[in-house]
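Here's a quick briefing to read with the model open in your viewer. Have a look around first, then come back for the notes.

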Amino acid sequence: MNFNKQQAMDKAKSLAKDFDLEEAKEFANKHAGESWHKDFILLYEMIRDKNFSLDRTVYLAIAGALAYVVMPIDVIPDFIPGIGFIDDIFIVGMVIKSLSDEIQRFKAYRKGIN
């Protein structure tokens, strides 16, 4: 299966429309002990910080990924014990990897304001 960047961005745009910041925060708090929690929080903080500028495409990719993770019904429904979050972890990991330059820029920005 080949990765289609345009198709992925279209899906991210669609999911970003359904993105709810408060729902993402509640989801993150509920899953604080999960191994992927740190990456989810990092992405959440990147789009939540009003003083950090993000390109529209980057914002849509992050919001789409977070919305996908928060939604209970997806490729592998979250309610399936043991495997329900595999696709969510994959999506977060893909976004983390593809936005590594933006993530490093955000981390540098955060160091500068802390």
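Where is the place of Met-71? Met-71 sits in the loop between H4 and H5. Keep in mind that this is a predicted model, with a mean pLDDT of 79 for the protein. What you're looking at is a protein with six helices and zero strands, and much of what follows is about how some of those helices pack.

**The overall picture**
- Going along the sequence, the pattern reads α-α-α-α-α-α.
- Of the 114 residues in the protein, 39% are buried.
- If you take the contacts with a separation of 6 or more, 60% of them are between residues 24 or more positions apart.

**How far to trust it**
- A pLDDT of 70 or more is reached by 79% of the residues.
- Confidence is lowest in helix H1 (residues 5–17), where the mean is 64.
- At the other end of the scale, helix H6 (residues 100–113) has the highest confidence, at 92.

**H4 against H5**
- Helix H4 (residues 56–70) packs with H5 at an angle of about 165°, and the two axes are 9 Å apart.
- Angles over 145 degrees count as roughly antiparallel, so H4 gets that label relative to H5.
- The crossing of H4 past H5 is left-handed.
- On the H4 side, the contact uses Ala-61, Ile-62, Ala-65, Tyr-68 and Val-69, while H5 brings Asp-87, Asp-88, Ile-91, Val-92 and Val-95.
- Sorted by class, that contact has eight nonpolar residues, no polar ones and two charged ones.

**H3 against H5**
- Helix H3 (residues 37–48) meets helix H5 (residues 86–98) at an angle of about 55°, with 10 Å between their axes.
- H3 and H5 are therefore oblique to each other.
- This crossing, H3 past H5, is left-handed.
- From H3 come Asp-39, Phe-40, Leu-42 and Leu-43, and from H5 come Val-92, Val-95 and Ile-96.
- The residues of this contact split into six nonpolar, no polar and one charged.
- Val-92 and Val-95 of H5 are worth clicking on: they meet H3, and they're also in the contact with H4.

**H3 against H6**
- H3 and H6 pack at about 70°, and their axes are 11 Å apart.
- The range for roughly perpendicular is 65 to 115 degrees, so that is how H3 and H6 are described.
- H3 supplies Leu-42, Leu-43, Glu-45 and Met-46, and H6 supplies Glu-102, Ile-103, Phe-106, Lys-107 and Arg-110.
- Here the class count is five nonpolar, no polar and four charged residues.
- Leu-42 and Leu-43 of H3 turn up in this contact with H6 and also meet H5.

**Two residues to pick out**
- Met-71, back in that loop between H4 and H5, counts as partly exposed because its relative accessible area is 28%, and partly exposed runs between 20% and 50%.
- Between Met-71 and Glu-23 there are 9.4 Å, C-alpha to C-alpha, although they are 48 residues apart in sequence.
- Gly-93 lies in helix H5 and is partly exposed too, with a relative accessible area of 33%.
- Gly-93 and Trp-36 are 57 residues apart along the chain, and their C-alpha atoms are separated by 8.3 Å.

Conventions. Residues are numbered from 1 along each chain as its sequence is written. This is a predicted model: local features need pLDDT of at least 70, side-chain atom pairs count only at pLDDT 80 or more; totals for chains, interfaces and linings use all residues. Side-chain values use heavy atoms; hydrogens and water are left out. Axes are lines fitted to C-alpha atoms, for helices over the stretch in contact, and angles run from 0 to 180 degrees between N-to-C directions. Helices (H or I, at least four residues) and strands (E, at least two) are DSSP runs, numbered from the N terminus. Angles under 35 degrees count as roughly parallel, over 145 as roughly antiparallel, 65 to 115 as roughly perpendicular and the rest as oblique. A crossing is left-handed if the near helix is turned anticlockwise from the far one by less than a right angle, and right-handed if clockwise. Contact means heavy atoms within 4.5 Å. Ala, Val, Leu, Ile, Met, Phe, Trp, Tyr, Cys and Pro count as nonpolar, Asp, Glu, Lys and Arg as charged, and the others, Gly among them, as polar. pLDDT is the predictor's confidence in each residue, from 0 to 100. Buried means under 20% relative accessible area, exposed over 50%, partly exposed in between (1.4 Å probe, protein chains only).
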